[in-house]
Amino acid sequence: MGMTISEKILSRHAGLDAVHPGMLINAKVDIAHGNDITAPIAINAFRKAGGKKVFDRTRVVLIPDHFSPNKDIDSAEQCKMMRDFALEQELVHYYEVGEAGVEHALLPEKGIVVPGDLTVGADSHTCTYGALGAFSTGVGSTDLAAAMMTGELWFKVPETMKFVYHGKLNPWVGGKDLILYTIGLIGVDGAIYRAMEFTGEAIAELTMADRFTMSNMAIEAGGKAGIFIPDAVTEAYVKGRALRPYTFYASDPDAVYHSTTDIDVAQIEPQVSFPHLPSNARGISAVGDVKIDQSVIGSCTNGRIEDLRIAAGVLKGRHIAPGYRLIVIPATPAVYRQAMQEGLFDIFLDAGGVISPPTCGPCLGGYMGILAKGERCVSTTNRNFVGRMGHTGSEVYLAGPAVAAATAVLGRLAGPDQLT
Amino acid sequence: MKFKGKIWKFGDNIDTDAIIPARYLNIWDPQGLAAHCMEDAAPQFAKQVKPGDIIVGGENFGCGSSREHAPIAIKAAGVACVVARSFARIFYRNSFNMGLPIFESRELWERVQEGEEIEVDADTGFIRIGAALLPIQQVPPFMQELIADGGLMNHLAKKAAR
């Protein structure tokens with residue numbers, strides 16, 4: 001019986017010839033990482049269990065990004081605790097403000113995670129690295145503590161749902177639109193406990209940025225992983241970055257899937273997910289007249305250079321609506337510098353926007369763009385739960401960078417085609 | 001393991017932002033988190049919850065973030081256990097790892113009202129509501145072991161000692 005890419009990666013890391021869905025396995029992890037919110041609890045658990053040294057100082061990665069640069073005294077204490085631990089353990093991949101970025105943009109960019117890896121992170125959007133052809137999943141702080149100590153973790157082998165994207169993408173449609181559409185199709189628990197595998201000729205055309213966006217949001221359908229079969233696009237991205245040798249795995253033709261869903265991308269227009277679930281997706285032509293107060297362009301979902309280029313392309317020579325706030329957050333220092341050198345900052349500033357240092361900040365209601373009661377934000381982030389970006393009476397509309405930029409210009413939900 | 005307590009009933013897709021809003025993630029002391037538990041879903045919860053109370057949820061309970069602060073807040077608030085139609089996977093893992101008892105029951109949700117008293121008997125695998133008995137979903141033996149050992153870190157320590 002053939003195996004899916006996910007099953008192959010899990011079996012290899014468990015030292016088994018084959019695994020099948022439902023099996024409980026113990027597997028070696030290539031990378032275990034945490035952030036300033038989740039690491040303190042993991043460090044505490046690590047110490048309480050008598051942990052002295054992490055299993056490998058090159059494979060335990062800590063990134064301050066959620067409430068960093070420190071947003072308040074409590075956040076400063078959490079960051080300090082993580083920093084002290086990273087120094088004590090002589091971690092190779094601890095990045096201080098100035099070098100740090102949003103973790104799920106930073107780890108692939110620096111080649112820390114590579115194709116064929118089994119990686120865990122104490123952050124639900126760790127599934128982002130599935131775009132590289134790695135099996136990558138979010139865990140909690142105690143799991144991270146165990147992985148930091150032993151380099152291993154228990155897993156239940158998931159079933160895989162296959163999504164096949166056919167046809168040619170419409171203008172302004174990218175990875176964000178495909179994944180919002182897909183979550184709309186199956187619901188926020190449509191892939192619960194399962195891996196999602198994204199394939200098809202429309203996928204082959206996608207940039208790595210688009211693929212990271214799709215894998216990133218697998219968790220919003222309840223998925224354990226969102227994985228791509230690596231190809232020439234993957235190779236071009238990892239070549240020159242990868243810090244370790246990597247392996248390209250592919251699913252066998254006779255691999256067994258939970259289900260296969262065919263999607264014709266020609267039917268998909270730019271998407272917006274309405275409050276308060278990522279599954280409330282609608283095409284831009286069906287959004288109606290919704291007044292918006294703020295756009296956030298950034299995050300582990302859409303804070304890469306490709307995303308900023310799309311937003312700048314829409315905003316060039318235009319100004320945001322009166323009273324509107326546009327907040328642009330390049331996800332990493334490298335993205336920040338690149339955007340600056342390409343002149344994108346001038347476009348954002350001329351449009352009336354503000355540019356934030358890399359941080360998760362407003363995505364989870366931390367800081368740098370929190371909403372008041374009754375305010376609405378269109379955001380390129382990944383969650384629109386009640387109170388996610390501020391007051392419980394505020395609203396978050398999820399979209400890609402093109403819609404977030406066009407909406408900023410008109411002050412109401414809109415796609416770039418509606419701009420004159 | 002037996003738990004007898006009053007029910008707090010919640011709907012589907014209770015996310016981790018509802019269980020513990022991210023604005024409090026600069027706290028990691030369990031009692032500090034408990035003071036804000038369920039704040040955005042049921043503002044009165046943290047003040048009125050009594051030790052031994054039971055949370056009943058719908059589908060996909062604990063969806064969203066990987067924050068272990070969520071089960072920590074629930075446990076520190078004194079909640080004895082959570083019974084839901086289904087759990088989001090990271091919340092499910094976290095609960096076993098840090099020792100919050102959770103159970104899946106497809107039927108319980110529509111059978112009970114807020115404030116009602118139920119008894120969850122993990123040993124026999126049944127929930128008692130008045131005279132009625134509802135089965136709870138079997139937990140794999142490995143996960144029963146985790147709970148019996150007092151969570152993942154204790155399990156690893158015991159395994160190393162064995």
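1. In this predicted model, Gly50(A) comes after helix H2 of chain A and has a positive phi, near 85°.

2. Helix H2(A) spans residues 39-48 and is mostly covered, with seven of its 10 residues buried. The residues concerned are Ala39(A), Pro40(A), Ile41(A), Ala42(A), Ile43(A), Ala45(A) and Phe46(A).

3. The cover over these buried positions of H2(A) comes from both chains. Chain A contributes, among others, strands E2 (31-35) and E3 (60-63) and helices H3 (73-88) and H5 (141-150), while helix H8 (152-161) of chain B is also included.

4. Met148(A) deserves separate mention. Beyond its neighbours within four places in sequence, Met148(A) is in contact with two residues of the helix discussed above, Ala42(A) and Phe46(A), and also with Ala32(A), Val54(A), Phe55(A) and Val60(A).

5. Ala42(A) and Met148(A) also appear in the largest nonpolar core, which has 194 residues. Together with Cys37(B), Ala73(B), Ile74(B), Val82(B) and Val83(B), they touch the most other members of that core.

6. As to the overall build of chain A, there are 14 helices and 18 strands. The radius of gyration is 20 Å, close to the 22 Å that the globule rule gives for 420 residues, so chain A is as compact as a globular protein of that length. Along the principal axes, its C-alpha atoms fill a box of roughly 60 × 50 × 40 Å.

7. Burial and contact range complete the description of chain A. Of its 420 residues, 61% count as buried. Among contacts between residues at least 6 apart in sequence, 77% link residues at least 24 apart.

Note on methods. Residues are numbered from 1 along each chain as its sequence is written. Chains are lettered from A and ligands numbered from 1 in the order in which they are written. This is a predicted model: local features need pLDDT of at least 70, side-chain atom pairs count only at pLDDT 80 or more; totals for chains, interfaces and linings use all residues. Helices (H or I, at least four residues) and strands (E, at least two) are DSSP runs, numbered from the N terminus. The radius of gyration is taken over C-alpha atoms; the globule rule is 2.2 Å times the number of residues to the power 0.38. A residue is buried if 20 or more other C-beta atoms lie within 10 Å of its own, exposed if 12 or fewer, and partly exposed in between; C-beta atoms are placed from the backbone. Two residues are in contact if their C-beta atoms, placed from the backbone, lie within 7 Å. A nonpolar core is a set of buried Ala, Val, Leu, Ile, Met, Phe, Trp, Tyr and Cys residues joined through C-beta atoms within 7 Å.
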